[in-house]
Amino acid sequence: IKKIVIYIIFAYYFDFNLEIVYVPSYTYFSDNVYKNRYYNLVKDTFKDLEMNFIDLNELIFKKESNSNDLFPFGLYGHFNNNGSKKVSKTVYKFINK
C-alpha cells in the first residue's frame with residue numbers, strides 16, 4: 001500500500017496519468033476455495049480517489065465462458081497468445097479513450 005501511495009503522490013506532483021490495471025490471478029478462476037479478499041477494497045478505493053482503474057476482471061474475464069482458455073493449456077502460468085491479445089487490446093482501448 002505504501003508504494004501505491006508514493007506512486008499516486010508522484011503522479012500528482014509531476015502531473016501525469018497513473019493507470020491502475022487489475023489483473024486477477026489464475027487461481028481466482030481455477031480454485032473454488034480461493035477468495036479475493038481485497039478486490040472490492042482496491043476497486044472502491046481507486047474509484048473514491050477518482051483514479052483510472054482498468055478492471056480486467058470485469059472487462060475480460062467475467063465475459064469469458066471459460067477463463068482457463070486464456071492460459072496455456074488451461075493451466076497455471078502467464079497468459080497464452082489469446083489471453084495476451086485480449087489484455088493488450090483492452091488496456092490499449094482504455095488508455096486511448
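How much area does the protein expose, and what share of it do carbon and sulfur atoms supply? The exposed area is about 7,600 Å², and carbon and sulfur atoms supply 57% of it; accessible areas here come from the Shrake-Rupley method with a 1.4 Å probe, and for residues only the protein chains shown count as cover.

A word on the ground rules. This is a predicted model, so local features need pLDDT of at least 70 and side-chain atom pairs count only at pLDDT 80 or more, while totals for chains, interfaces and linings use all residues. Residues are numbered from 1 along each chain as its sequence is written, and side-chain values use heavy atoms, with hydrogens and water left out.

**Overall layout**

- The protein has five helices and two strands; both kinds are DSSP runs numbered from the N terminus, with helices being H or I over at least four residues and strands being E over at least two.
- Going along the sequence, the elements come in the pattern α-β-α-α-β-α-α.
- Of the 97 residues, 26% count as buried; buried means under 20% relative accessible area, exposed means over 50%, and partly exposed is in between (1.4 Å probe, protein chains only).
- Take the contacts with a separation of 6 or more: residues 24 or more positions apart account for 55% of them, where contact means heavy atoms within 4.5 Å.

**The salt-bridge network**

- The count comes to four salt bridges, each one a side-chain nitrogen of Lys or Arg within 4 Å of a carboxyl oxygen of Asp or Glu.
- K43 and D55 pair up through their side chains, at 3.7 Å from N to O. That pair links distant parts of the chain, with K43 in helix 3 (residues 39-48) and D55 in strand 2, 12 residues apart.
- K43 also meets E58 in a salt bridge, at 3.8 Å from N to O. Because E58 lies in helix 4 (residues 56-59) and K43 in helix 3, this pair ties together parts that are 15 residues apart in sequence.
- E58 has another partner in K62, with the closest N and O atoms 2.9 Å apart. Through shared partners, K43, D55, E58 and K62 end up in one network.
- Are the partners buried or exposed? Both K43 and D55 are buried: K43 has 15% relative accessibility and D55 has 6%. E58 counts as partly exposed because its relative accessibility is 30%.
- D55 sits in strand 2 (residues 52-55). Leaving aside neighbours within four places in sequence, D55 is in contact with Y22, Y39 and K43.

**Surface patches**

- Patches are made of residues with over 30% relative accessible area and no salt bridge; like charges are joined within 9 Å, and nonpolar side chains (Val, Leu, Ile, Met, Phe, Trp, Tyr) within 5 Å.
- K63, K85, K89 and K93 gather in a patch of positive charge on the surface. For charges, Lys and Arg count as positive and Asp and Glu as negative, with His and the chain ends not counted; the place of a charge is NZ of Lys, CZ of Arg, CG of Asp or CD of Glu.
- One member of that patch, K93, is found in helix 5 (residues 81-95). K93 counts as exposed because its relative accessible area is 62%.
- F10, Y13, F14 and F16 make a nonpolar surface patch of about 480 Å².
- F14 belongs to the loop between helix 1 (2-13) and strand 1 (19-22). With 48% relative accessibility, F14 counts as partly exposed.

**Two buried spots with distant partners**

- T90 lies in helix 5 and is buried, with a relative accessible area of 16%.
- Which residues does T90 touch, not counting those up to four places away in sequence? The answer is L56, L59 and I60. T90 and I60 are 30 residues apart along the chain, yet their C-alpha atoms are separated by 7.9 Å.
- P24 lies in the loop between strand 1 and helix 2 (26-30). P24 is buried, with a relative accessible area of 3%.
- From P24 to F61 the C-alpha distance is 8.5 Å, with their positions 37 residues apart in sequence.
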